[in-house]
Structures are given as structure tokens and as C-alpha cells.
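Thanks, everyone, for making the time. I would like to walk through one model this morning, taking its sheets and then its helix contacts in turn.

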Amino acid sequence: MEEKLIKFKNVRKEYKGGIIALEDVSFSLDSGEFIFIVGPSGAGKSTIVRLLIRAEHPTAGEIVFEEIDVPSIPRKLLSIYRQQLGIVFQDLKLISRKTVRENIHFALEITDKSESEILDTTDYLLDLVNLSNRSELFPRQLSGGEMQRVALARALANEPKLLIADEPTGNLDHKTADGILSLLDTVNSLGTTVMVITHDKAIVDRMQRRVIHLDKGRVVADEQGGYEANGKGKKTKDTTKLKSKKKDKVEAKKTEQTMKKGAKGKTYIEVLDLPKKLVRKLNKTNVKDLEKLLDMSEEELKKAKFKKKEITKINKAVESYLSNK
């Protein structure tokens, strides 16, 4: 039986003003699968991605990644968690002042690879996406399909367990789109789980893979086949049951203890570069040591009446501290 990589159980996401983005969404994804998440604009596709990368929290329900409870991941562990995800964003987010090679190399610099390993991996990824002969060009000198390939190579830099491609064929001609899908298929055959978010009916119909169809925030079909899933085809096995999280809690505790090493007993004033006004506010909330601050989630900071800008400053200070440890 395949290991479950992702599990959504009765997930609901409501925004201010009573806007419901997701309602009672349940599905699971096996390690090594290739799936499409489809639906019209506003169906909830992008919300699923934001919840998976922990950019947002669900209003209700459970989201699990390899037995890790995603919404409860402490902020100090977010960067470690996100390294297991490779994201090809819709706007690509390539660095315009860096060449193709430098864009990929830059993504590898956060890994624990040696410089020689980084160079070898960069060459491998350039070859994988067939851009070795374009490696010294800048993004502005590339076609739309080539830029997609650079973004894909960069997303694969950390050898992610899950690759998420958000509208990877948008604004591409049919031939170029087929090439991108063929490349994603190759990546999947090498062992990486692939999730493609799209509204492109043609590519979904050609691939004939598993399709999760969303409409008005609900899963209306989960089937093998083409885009027009209607709930009457061969359905995938119900995988919404969640296992016990005891193992996850034990592993999370070990990881947290490692991250806390060196922080115990220190005040955040000693190690973080925070404005005095923000320090006073933290003191008023009885958060006086670094260890306690590292344990707080963004949701807890919001409940403690911290503004978005203040949370951003705290996050940057914490990230800077952790990256220099």
C-alpha cells in the first residue's frame, strides 16, 4: 500500500466578510502520484496551495503532510517544512538580474550541499529541463516555455517530495504546453509526487490522470480521466481517514528540541534585532524569553493583538537568527 503524502479532512476556509473558499474538502494523495486539481476561477484551487504551504490556516478541518499537522507547525520550523515542497508559481518569480544558471544555483545555496555538489546539481537540473545551452541567458531573453523550465528546475533544487505547479501552461501554445507536461511526467517518473493546478481542459484530457474537480469550494468529483469529471466515472479510493498523530508529536518534539538548543534561557532582546516598541508589546503579553517566542505561531500572535506589520518584523528577526545558527 502506498504511503499517504497529503491528507485533507473536512477542510473549510472562510475569509472576512463570510466568503467561503473551501467547504468540507476531503482527499488524500499517495506518495508518487500525479494529480490535477481543476475547476473554474474562484473554485478554491489556489486556496488549497496556500493552505499546503502554510501561507494561511484553515478555518476548520485537518491538513496532514506525512503525519505532520500542517496548521500547527511552529514558525521556526516552517522553512524546514517548505523545503519538502517545490513550487512553480503562476508568476514564476524568477530573479531578473540573474542568469538561468544563477537562478538555479541561488535556490541551492540554502541546502547543506558543498559548492562542488551545488555545481553538479545545477548542471544536472539544466540538463533535465533541456536548458544547458541557454544557461548564461537572463529571463528576459527566454521564451515563455523556457522560463517555465527554469522555474521548474529551481523548484526541484531541494529534491522536494511534492512538486506543485500552479497553472504551468498558462499563456503557452499547445506544443510548448505539451512539452512542459511531458517534463512534469518525467519528474513524476523519477519519484517526485506532482500536483498540477490548472483550468486547461486540453492538457488534462490528454494526460488522463487523476482529477480532483472543485466547484464553489467543494470537491464535486475525484476520478481518473479527463477534465469533465462528473462523479459518475471510476472514483478513487476514499482516503480521508487519518491515522493517529502520536508518532508525529514525538518526531515534532525531537525536532523542536534541536531547534531550541542554544535558545533556552536567552531573551529575544539579546539575540533578535527588534524595535523597542515591539519588545515592550511582547513583554506585556508575558513573552519574555526566546524559547517561548519561537514556539508561538502566527495565529497566536494575531490573537495577542499583534498587527500584520509587527508579525512580519518578528518573522524576519526570527528567520535571521535561525539562519545564522
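What follows goes through the strands, the helices that pack on them, and the pairs of helices.

Before I start, please keep in mind that this is a predicted model, in which local features need pLDDT of at least 70 and side-chain atom pairs count only at pLDDT 80 or more, while totals for chains, interfaces and linings use all residues. Residues are numbered from 1 along each chain as its sequence is written, and side-chain values use heavy atoms, with hydrogens and water left out.

When I say helix or strand, I mean a DSSP run, numbered from the N terminus, of H or I with at least four residues for a helix and of E with at least two for a strand; two strands pair if DSSP finds at least two bridges between them.

Let me begin with the open sheet of 4 strands, whose order is 2-1-4-5 and whose pairing is antiparallel. Strand 2 and strand 5, the latter at residues 68–69, stand at its edges with a single partner strand each, so one side of each has no neighbour in the sheet. Helix 1, residues 45–52, packs on this sheet and touches strand 1, strand 2 and strand 4, where contact means heavy atoms within 4.5 Å. The direction of helix 1 makes about 115° with that of strand 1; for such angles, axes are lines fitted to C-alpha atoms, for helices over the stretch in contact, and the values run from 0 to 180 degrees between N-to-C directions.

Within this sheet, strand 1 (residues 4–15) and strand 2 (residues 19–30) are antiparallel and share 8 bridges, one bridge being that of E14 with I20. These two strands form a hairpin with 3 residues between them, and G17 in the turn has a positive phi of about 90°. Strand 4, residues 60–65, is joined to strand 5 by 2 bridges, also in the antiparallel sense, and V64 has D69 as its bridge partner.

The other open sheet that I want to show has 6 strands in the order 6-7-8-3-9-10, with mixed pairing. Here strand 6 (85–88) and strand 10 (218–225) are at the edges, each with a single partner strand, so one side of each is left without a neighbour in the sheet. From one strand to the next, the twist averages 20°. Strand 9, residues 209–215, runs antiparallel to strand 10 and is joined to it by 7 bridges, with I212 opposite D222. Helix 5, residues 144–155, packs on this sheet, touching strand 6 and strand 7 (162–166), and its direction makes about 165° with that of strand 6.

Turning to helix pairs, helix 5 packs against helix 6 (residues 174–189) at an angle of about 15°, with the axes 10 Å apart. The two are therefore roughly parallel to each other, on a scale where angles under 35 degrees count as roughly parallel, over 145 as roughly antiparallel, 65 to 115 as roughly perpendicular and the rest as oblique. On the helix 5 side, G145, Q148, R149 and L152 meet T176, G179, I180, L183 and L184 in helix 6.

Helix 3 (residues 100–108) and helix 4 (residues 115–128) pack at about 130°, with their axes 9 Å apart, which makes helix 3 oblique to helix 4. Among the residues that meet here are I104 and L108 in helix 3 and I118 and L125 in helix 4.
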